[in-house]
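Reader: I am new to this kind of model and would like each term justified as we go. Please start with the pockets and move on from there.

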Amino acid sequence: MSKLWTLYYREMLEAVRSYKLIWIPVVFIILGIMQPLVTFYMADILAASSNVPAGFMDSYEMPGAAAVMAQALGQYGTIGILILVLGTMNSLAGERSSGTAELLMARPVSPVSIVVAKWAANFTVLIIALVLGVAGAAYYTVQLMGGLAWGAVAAASGLYALWLLCAVSLTLLFSAWLRGPAAAGFALLLAAGMSLAHSLLPSRTAWLPAALPGMSASVLAEGRVTGGPMISAALLIVACIAGASLLVRRNKLPN
């Protein structure tokens, strides 16, 4: 356990030195506060535009606080995933190219400890960024649109965190096999493929982790949750950690 903690501490120091612990939360905060601000001032923006059809403003209605919060979380399902994947793609591949991986493997440290430490560090960055982003989004939503059910906000944010963690875990797995840009590309492609499959066949793919963003919105609107996507997401994360550990043990990192 002490070796795992030492590796985790090393990864967190690297996140600070590379400014990943700063720029990722900043991006998430900006994404979070943009949605309620844009929604609140949308009527003024449309009124100032000369291309709005006559009578359109009469039918425009301000969305409710829960709907705006769901839209704010939805920002993390696109730009947020991209940012996290870019921040994770060199977790293992970068160390191989710099020679750090060989130094670690020469010590009495198990590949599982190396992978888990990196996964935990990226998970920490994800949680810090998401908490700050959701806090900013919730603050402006309450100030501009009205109150929120904080229990529902916490549950919806947790579901979104699980989906984002799936993308991070996939990137870590591919980073143990491919170079950084290729790892990011494959992780994004697989995440997008799951999302596309769920959007085309929602009833047949309701168990996929890609159903978590929709479930997050349902929690805010209706408080409805099903366990299937959470179980499949947990299994996917464990499989990614196990697969990355196996690849590290076999020394399959890119030269």
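## Pocket and cavity

Author: The largest pocket has a volume of about 420 Å³. Its lining consists of 20 residues, and those nearest the centre are Glu-11, Glu-14, Ser-18, Lys-20 and Ser-91. Elements α1, α2, α5 and α8 each give two or more residues to this lining, and α1 has the largest share with six residues. This is a predicted model, in which local features need pLDDT of at least 70 and side-chain atom pairs count only at pLDDT 80 or more, while totals for chains, interfaces and linings use all residues. Residues are numbered from 1 along each chain as its sequence is written, and side-chain values use heavy atoms, with hydrogens and water left out.

Reader: What makes a space a pocket and not a cavity?

Author: The test is whether a probe can get out: on a 1 Å grid over the protein atoms alone, a cavity is a set of points where a 1.4 Å probe fits but cannot get out, whereas a pocket is an open set with protein on both sides within 12 Å along at least five of seven lines; a residue is in the lining if it has an atom within 4 Å of a point. Grid points are joined across faces, edges and corners, and the volume is the space filled by probe spheres set on the points.

Reader: How many cavities of 30 Å³ or more are there, and which residues line the largest cavity?

Author: There is one cavity of 30 Å³ or more, and the largest cavity has a volume of about 30 Å³. Lys-20, Ile-24, Leu-84, Gly-87, Thr-88, Asn-122 and Val-125 line it. Helices α2 (20-40), α5 (65-88) and α8 (111-144) each supply at least two of these residues, with the largest share, three residues, coming from α5.

Reader: How do the residues of the two linings divide by type?

Author: The cavity lining has three nonpolar, three polar and one charged residue. The pocket lining has seven nonpolar, six polar and seven charged residues. For these counts Ala, Val, Leu, Ile, Met, Phe, Trp, Tyr, Cys and Pro are nonpolar, Asp, Glu, Lys and Arg are charged, and the others, Gly among them, are polar.

## Helices and exposure

Reader: How many helices and strands are there, and what makes a stretch a helix?

Author: The protein has twelve helices and zero strands. Both are DSSP runs numbered from the N terminus: a helix is H or I over at least four residues, a strand E over at least two. The UniProt record (an unreviewed entry) gives residues 148-174 and 227-248 among its "transmembrane region" features; such annotations may be inferred rather than shown by experiment, feature names are shortened, and positions are given in the numbering used here. Residues 148-174 are 93% helix and 0% strand, with end C-alpha atoms 39 Å apart. Residues 227-248 are 95% helix and 0% strand, with end C-alpha atoms 32 Å apart.

Reader: Why is Ser-175 called buried or exposed?

Author: Ser-175 has 0% relative accessibility, and buried means under 20% relative accessible area, exposed over 50% and partly exposed in between (1.4 Å probe, protein chains only). Ser-175 is therefore buried. Of the 255 residues in the protein, 45% are buried. Ser-175 belongs to helix α9 (residues 150-175).

Reader: What does the side chain of Ser-175 reach?

Author: It reaches the backbone oxygen of Met-89 at 2.9 Å, and a polar atom of the same side chain lies 3.0 Å from the backbone nitrogen of Leu-92. A polar contact is a pair of N or O atoms within 3.5 Å; within protein, one must be able to donate a hydrogen and the other to accept it, and residues adjacent in sequence count only if both atoms are side-chain atoms.

Reader: Why does Tyr-19 fall in its exposure class?

Author: Its relative accessible area is 55%, so Tyr-19 is exposed. Tyr-19 sits in the loop between α1 (2-17) and α2. Its phi is near 65 degrees, a positive value in a residue other than glycine.

## Aromatic pairs

Reader: How many aromatic pairs are there, and what makes one edge-to-face?

Author: The count is eight aromatic pairs. In one of them, Phe-40 and Tyr-41 are 5.0 Å centre to centre with 90 degrees between the planes, an edge-to-face pair. Rings of Phe, Tyr and Trp (its six-membered ring) pair if their centres lie within 6.5 Å; planes under 30 degrees apart are stacked, over 60 edge-to-face, and the rest tilted. Phe-40 is partly exposed at 29% relative accessibility, as is Tyr-41 at 41%. Tyr-139 and Tyr-140 also form an edge-to-face pair, at 5.3 Å and 85 degrees. Finally, ring pairs link Phe-174, Trp-177 and Phe-186 into a cluster.
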